[in-house]
Amino acid sequence: MAGIGFELNKLFNRKSIVNYIGAYTAAAMVFTGPVLLGIVLLLFVRILSGMGGAVKHEQDIIVVIITYSLIGSMLLNNVFSTTVTRYIADMMYSKKEKRVMPALHGCISSQLAIAALIWGPFMIFSGAGPVYSFMGFILFCELVAVWTLISFISAVKDYIRIIIIFAAGVGSAILAGLVLVLLTPFDTIASMLVSVYIGYGVMVFGYYDTLKRYFPESEGGAFKFVEYFFLNPQLSGIGLGLSIGTFSHFLVVWLSPFGERIIGNFFSAPMYDVPALFAFITTLITTINFSTTTEVYFYPAYRNYYNLLNTNGSLQAIELAERDMLRILRRELLYLIFKQFVVTLLVCSIGSAFLGESSFAGFNATSRGLFRVLSVGYGIFASANGILMFLFYFTSYKFSLVSTSLFAAGTLGFSLFFLLTDANISLYGFSIMGGAVLMYISALFFLWYYTRKLQYHIYSKQPLLAEAKHGKLYYKLNWVWKDAE
C-alpha cells in the first residue's frame, strides 16, 4: 500500500526545494517517527538526567528500560504488522474503509493481551524493583500502540498534520523532562520515564485523532483481521524473521563478556549499542525513499498490468505492459540501491569522523570501527528490504519468508559463533552484515526467478479465491476482483 506516498508525489511534481523538503519530512515522520523520537529521547535522557544530578548508573537504568521497551515492542508488533497491513490494503481496495478502525482496536488489544502474558511476567521478575518494572511495562504497552498506529497512518494523506504531531511529541517530551528533572524533587529516573510517556502519548492521541478524522465510521468485528493470519500464514513469519535478524545481535552481545548488568536482569553493552543505534539510522533513508518515489513510480505500471490481466486485455497489450512494469521495477530498484550505497558511504566516512572527533557518547577507536561495519550491514539490509517489498507486490510470500528466515538465521548464527569462539567485540558487527548479505542475494534471486516467467507464476501458482454474489461469480487474482457471468 503506497499510502501517503501518492499524496506526497504532488509535492515532488511542483519542483520546489521547499516542497521536496516538506515531502521527505512528512514521510520521515510517518514511517520513522517513533524510531527517530526514540533516538532523540535516548540522547536527551543522558543530557537531562545529568543536569538533574543523576549519576552514570542511573542514566544507564533509564536508557536500558527505554531500549528494552523499544526492541521488545517492535518484536511483538512486527508479528502483526505485515498481516494487518495486508488486511488494511484489501479493505481499502474493496471500498470497506469502515472496517479499518475496528481492526485498529482489535490489533492493539490483541497485542496488549500478549504483552500482559509475556512482558508482564518478565518485568515482574526483572529485578528492577516494583516501580521501575511497572513503568517499563506501561512504556512497552504505549509503544505497542504507537507501532500499530504507524501501520494504519500510512493510509492518511494529511502530511502537515503528521509533521505537527511528531514535532509536538518531541517538544513535549523534552519540555516535560526539563520541568520534571530541574524543577521538581521527584526521582530522576521516574521523571525521565514520565517525560517519555508524554512524548509518545502525544503521538498516540494525535495519530488516533487523525485516523478518526479519516475513518469516521466503523462496522464489522474488531478481530476480523485474524482471518488473514490463516489466509496468509507466511506474513507473520516474515515479520518475525525481520525482527530476529534486526535485533538478535544486540541480545547476544548483551549476554557476551562485553555486556554488563545494569539492574536486575537488564543488560547492556554501551560500546556496541551506541554505534549500532547510529548505524541503524542509515536504513531510514531507503524506507523514506521507497515510499516517496520508488513505490509511487512503480505502482501505476503495476496496476495497469494487472488491470489488463483481469479485464481480458489483448496479449500484445499485456506483454507491452509487463515489459514496461519490469523496466520501471529494475530502474527504481537500481536507483534505490545506489542511493543507499551513497548514504552508507557518506555515513561511514563523514559520520564516523564527526563522531570520533567530537568524542560523542564515549566513541573511541573500537566504537568507530563497529559503527562503520554496522552501517554497511544495515545498508545492505535496507537494500534487501527494498527488494523484499517488490516481492510483496507480487504476493510472493513463500520466497519472502525464505529470505527473511535466512536473514534471521544468518544474523543470529554469526552472533552465536562469535560468542562461542570468544571473538573480539569488533567482529560482532559482521553478524548483521552476514545475515543481510544472505537476505540480499536470496531476495534478488527470487525476484529475478519470479519475474522471469511472471505470467506463468501468476496463472499457475497464485490461488484464486471465489465468492458467489447476486448470481455472479467473483474471483480474486492478486488482490484484483473481477466479475464473470
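**Figure 1. D422 in the loop between α14 and α15.** In this predicted model, D422 sits in the loop that links α14 (397-420) to α15 (425-428). Its backbone is a bit unusual to look at: phi of D422 is near 50 degrees, a positive value in a residue other than glycine. Is D422 buried or exposed? With a relative accessibility of 64%, D422 counts as exposed, because the cut-off for that class is over 50%.

**Figure 2. K95 in the loop between α3 and α4.** Here's another residue with positive phi: K95, where the angle is near 60 degrees, again in a residue other than glycine. Look for K95 in the loop between α3 (56-93) and α4. K95 has a relative accessible area of 65%, so this residue is exposed.

**Figure 3. Helices α4 and α5 side by side.** This view puts helix α4 (residues 100-124) against helix α5 (residues 130-153). The two pack at an angle of about 155 degrees, and their axes are 9 Å apart. Angles over 145 degrees count as roughly antiparallel, so that is the label for α4 and α5. As for handedness, the crossing of α4 and α5 is right-handed.

**Figure 4. Side chains and backbone where α4 meets α5.** Which residues make the contact between the two helices? On the α4 side they are V100, A103, L104, C107, I108, Q111, L112, A115, A116, W119, G120 and M123. Facing them, α5 brings in Y132, S133, G136, F137, F140, C141, V144, A145, T148, L149 and F152. Sorted by class, the contact of α4 with α5 has 18 nonpolar residues, five polar ones and no charged ones.

**Figure 5. Two buried cysteines, C141 and C348.** C141, one of the α5 residues in the contact with α4, has 16% relative accessibility and therefore counts as buried. C348 gets the buried label too, because its relative accessibility is 15%. Don't go hunting for sulfur bridges: a disulfide is a covalent bond between the sulfur atoms of two cysteines, and the structure holds zero of them.

**Figure 6. A382 and its neighbours.** A382 belongs to helix α13 (residues 365-393). At 4% relative accessibility, A382 is buried, as the cut-off for that class is under 20%. What does A382 touch, leaving out residues up to four places away in sequence? The partners are T283, T286 and Q340. You can also pick out Y440, which is 58 residues from A382 in sequence and 9.1 Å away in space, going C-alpha to C-alpha.

**Figure 7. Helix α13 alongside helix α16.** The partner of α13 in this view is helix α16 (residues 430-452), and the two axes come within 8 Å and cross at roughly 25 degrees. That angle makes α13 roughly parallel to α16. The crossing of α13 with α16 is left-handed. Their contact is made up of 22 nonpolar, three polar and no charged residues.

**Figure 8. Zooming back out to the chain.** To place the close-ups, here is the chain they come from, with 17 helices and five strands. Of its 485 residues, 55% count as buried. What share of the contacts with a separation of 6 or more comes from residues 24 or more positions apart? That share is 79%.

Notes:
Residues numbered from 1 in each chain as written. Predicted model: local features only at pLDDT ≥ 70, side-chain atom pairs only at ≥ 80, totals over all residues. Heavy atoms only, no water. Axes fitted to C-alpha atoms, helices over the stretch in contact; angles between N-to-C directions. Helix = DSSP H or I, 4+ residues; strand = E, 2+ residues; numbered from the N terminus. Parallel < 35°, antiparallel > 145°, perpendicular 65-115°, else oblique. Left-handed = near helix turned anticlockwise from the far one by under 90°. Contact = heavy atoms within 4.5 Å. Nonpolar A, V, L, I, M, F, W, Y, C, P; charged D, E, K, R; others polar. Disulfide = S-S within 2.5 Å. Buried < 20%, exposed > 50% of the residue type's maximum accessible area, 1.4 Å probe, protein only.
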